[in-house]
Amino acid sequence: MNSHDLIVIGAGPGGYVAAIRAAQLGMNVACIEKESALGGTCLRVGCIPSKALLESSELYEEAKHSFDKHGIMIDKMSLDLDAMMQRKKRVVDGLTKGIAGLFKKNKITHYQGRGRLAGPGQVVVASAEGEQTLTATHILIATGSKVARLPGVEPDGERIGTSTEALSYSKVPDHLVVIGGGVIGLELGSVWRRLGSRVTVLEYLDRIMPGTDNEVAAAALKLFKKQGIEFHLGCRVTGASSKKKHARVEIDGQDPIECNKVLLCTGRVPMTDGLGLESVGIQVDKRGRIPVSADFKTTADGVYAIGDVIEGPMLAHKAEEEGIACVEEIATGHSHVDYNAIPSVAYTHPEIASVGKTEEQLTEEGIEYRKGKFSFMANGRAKALNQTDGFVKVLADAKTDRLLGVHIIGPRAGDLIAEAATAMAFSASSEDVARACHAHPTLAEVLKEACMAVTSGAIHS
């Protein structure tokens, strides 16, 4: 029976990062992953392949519609979807092999199979070769999440599918219906719209991107409509079925929609089933999440949980931070995750990024704030890029000027939000950011000007 100091179940962003950090801290570490490739959903069929397709499809659209504005004339251009998919595969393969290399470098034992708890300090690994039992002083659950199901909509892997299938369509659908107006649906809808699909988004709420600042979401909706994506808001999908030559989506109180492909993007749920939690007395909450303390301890001694299986946003970088904090707590007795400074990004065009509180949250909580806003239209770098849609909005405490939230819709928003997250992590004020010298011409100047607009006033507006 193999014994380890720490066994990590799941090799996604939270799990593999935790395993590496634990090994760096001197632990004998094992990591169990049911898939042959390391990296979890994010790397294999999520964040990374979708970003590869978003980048490729954006270049394709720019070549069709924007290159001439730069004086670059293309007489003939065509789409090689297979080559685009092969590039995506190379990106994913390179990164998964990189993680395998890091495991080897850090002497982490990798078990391929399904891991489940089998009593205190014991984990069973089930694989094609059979089962083996491992023992460990500490066990960390980092199994991530899976696509949430919608009653009446059963994916068949052909006409009706999830984000996994939408990353590998063999041809561009004539008409793609996306059920769900959140980040994943909008990102993948954008990919196929750029490549030639008619895209229709169906959203139950009367807005897109739930949880996003209302002003940002409203601006995004206008821009996505301008790009050609159709939206049906406030509609309840009651079913979807595959026919011989098309799919049919049923909507409560509305005419059904016929299309080539249906993409189900109605959120994700924790992947906690089949983990043997009952063998150590762990009970999940009504949403299937594992309750944990501030230091990620479950109700079972020596068992911890992080990432999508616990409360909080289902984000890869949140899981990474929790993984590091968890094993550092085990090794040193100290850990910290600042949940007020965890950014989120939608890699649409333009990108949408945020960190901290929205205006709606601050109002609901009765927190007095001041707002500064600055448009990319007035930024020299944005004009040079020919990407001037969007703005930066900064929310700061009315009394202390401490940053409470930053919301960006515009070019490279996903990169720009890092400065805001860092500033918030160090309890910076809007004046602190405004007085920091920002290189010119850069997109980061928009954040500086928005911070100036909170108090003294922006220069270029």
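A residue is called buried when its relative accessible area is under 20%. In this predicted model, Glu 329 has a relative accessible area of 18% and is therefore buried. Glu 329 belongs to helix H8, which covers residues 316-332. When residues up to four places away in sequence are set aside, Glu 329 touches Asp 295, His 334 and Ser 335. Asp 295 stands 34 residues from Glu 329 in sequence, and the C-alpha atoms of the two residues are 6.9 Å apart in space.

The same cut-off applies to Ser 429, whose relative accessible area is 13%, so Ser 429 is buried as well. Ser 429 is not part of a helix but is found in the loop between helix H11 (413-425) and helix H12 (430-435). Its contacts, again without residues up to four places away in sequence, are Thr 400, Asp 401, Arg 402 and Leu 403.

Over the whole protein chain, 51% of the 461 residues count as buried. The chain contains 13 helices and 22 strands. Its radius of gyration is 23 Å, close to the 23 Å given by the globule rule for 461 residues, so the chain is as compact as a globular protein of that length. Along the principal axes, the C-alpha atoms fill a box of roughly 65 × 65 × 45 Å. Among contacts with a separation of 6 or more, 64% are made by residues 24 or more positions apart.

The exposed surface of the protein chain amounts to about 21700 Å², of which carbon and sulfur atoms supply 49%. The chain carries 52 positive and 57 negative charges, and the mean positions of the two sets are 4 Å apart.

Helix H4 was examined separately. Helix H4 spans residues 81-105, a total of 25 residues. From its first C-alpha to its last, H4 reaches 36 Å, close to the 36 Å expected at 1.5 Å a residue. The buried residues of H4 are Leu 81, Met 84, Met 85, Lys 88, Val 92, Thr 96, Ile 99 and Phe 103. The elements that cover these buried residues include the helices H1 (13-24), H2 (40-45), H3 (47-65) and H6 (183-194). Strands E2 (29-33) and E3 (109-112) are also part of this cover. Just after H4, Lys 107 takes a positive phi of about 55°.

Key
Residues are numbered from 1 along each chain as its sequence is written. This is a predicted model: local features need pLDDT of at least 70, side-chain atom pairs count only at pLDDT 80 or more; totals for chains, interfaces and linings use all residues. Side-chain values use heavy atoms; hydrogens and water are left out. Helices (H or I, at least four residues) and strands (E, at least two) are DSSP runs, numbered from the N terminus. The radius of gyration is taken over C-alpha atoms; the globule rule is 2.2 Å times the number of residues to the power 0.38. Buried means under 20% relative accessible area, exposed over 50%, partly exposed in between (1.4 Å probe, protein chains only). Contact means heavy atoms within 4.5 Å. Accessible areas come from the Shrake-Rupley method with a 1.4 Å probe; for residues, only the protein chains shown count as cover. Lys and Arg count as positive and Asp and Glu as negative; His and the chain ends are not counted. The place of a charge is taken as NZ of Lys, CZ of Arg, CG of Asp or CD of Glu. The expected span of a helix is 1.5 Å times one less than its number of residues.
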